[in-house]
Amino acid sequence: MVKKLQKLSADKKKSNAQLSSTVKDSAQQIWLAGLGAFSKAQEEGGKVFEALVKEGLTIQRKTQAVAEEKITEATSRVTTMASDIGSKAQGQWDKLENIFEDRVAKALAKLGVPSARDLEALSARVDALAKGSKAAPAKAAAKPAAKAPAKKAAAKKAAPAKVAAAKPAAKPAPAKKAAAKKPAARAAAADSASTPSAS
């Protein structure tokens, strides 16, 4: 039995030695596999890194193009909205301005201030009257000269009848004129007495 135990212990030692050598060999192989993977990753890593950079550039360019497209679309929408809002606001300002002008015109009309149209019409009338008054003296000068001989002939024919009728009417007329002058003189004197003198 001792021999069996010694044999077993020797076998155990061998198996332990084998096991430890196997573990050492495995660990060594794992270590070497790790080093190989690391070196391969370094070699491949540079290539992979460059491929990733290229892929990133293409994606960035695509996203920039899409973003610029969206930005231009948004700016066009905003500009159209701004122009619409501006036109609506301008319309509202025009309405407000018209309301204000109407109210001011009504207030001025109530106060009796003439409008621009009234002043234009008045100016046109003044111009027409000025043109008419310039033409009237020339016509008036031409008419009396033409009518004077006719009046003298008619006056000679009716002169004896008019002279007799005109003499009695001529005397009371100066009395009426004198009577009319007296109240006018009294009114003028009263006015001058009521107003203070400038001196």
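## A tour from helix H1 to the pocket

Begin by selecting Arg-77 and Glu-73, which lie four residues apart in helix H1 and are therefore separated by about one helical turn; helices here are DSSP runs of H or I with at least four residues, strands are runs of E with at least two, and both are numbered from the N terminus. The model is a predicted one, in which local features need pLDDT of at least 70 and side-chain atom pairs count only at pLDDT 80 or more, while totals for chains, interfaces and linings use all residues. Residues are numbered from 1 along each chain as its sequence is written, and side-chain values use heavy atoms, with hydrogens and water left out.

Show the two side chains as sticks: Arg-77 and Glu-73 meet in a salt bridge at 2.9 Å, N to O, where a salt bridge is a side-chain nitrogen of Lys or Arg within 4 Å of a carboxyl oxygen of Asp or Glu. By this rule the count comes to one salt bridge. Arg-77 counts as exposed at 52% relative accessibility, whereas Glu-73 counts as partly exposed at 31% (buried is under 20% relative accessible area, exposed over 50%, partly exposed in between, with a 1.4 Å probe and protein chains only).

Now display the whole chain as a cartoon, and three helices and zero strands appear, in the pattern α-α-α along the sequence. Of its 199 residues, 0% count as buried.

Next, select Phe-100, Val-104, Leu-108, Leu-111 and Val-113, which make a nonpolar surface patch of about 480 Å². Patches are made of residues with over 30% relative accessible area and no salt bridge, with like charges joined within 9 Å and nonpolar side chains (Val, Leu, Ile, Met, Phe, Trp, Tyr) within 5 Å; the areas come from the Shrake-Rupley method with a 1.4 Å probe, and for residues only the protein chains shown count as cover. Within this patch, Leu-111 belongs to helix H1 and is exposed, with a relative accessible area of 69%.

Finally, select Ala-105, Leu-108, Ala-109, Val-113, Pro-114, Ser-115, Ala-116, Arg-117 and Asp-118, the lining of the largest pocket. A pocket is an open set of points on a 1 Å grid over the protein atoms alone, where a 1.4 Å probe fits, with protein on both sides within 12 Å along at least five of seven lines, and lining residues have an atom within 4 Å of a point. Helix H1 (2–111) and helix H2 (116–170) each supply at least two residues of this lining.
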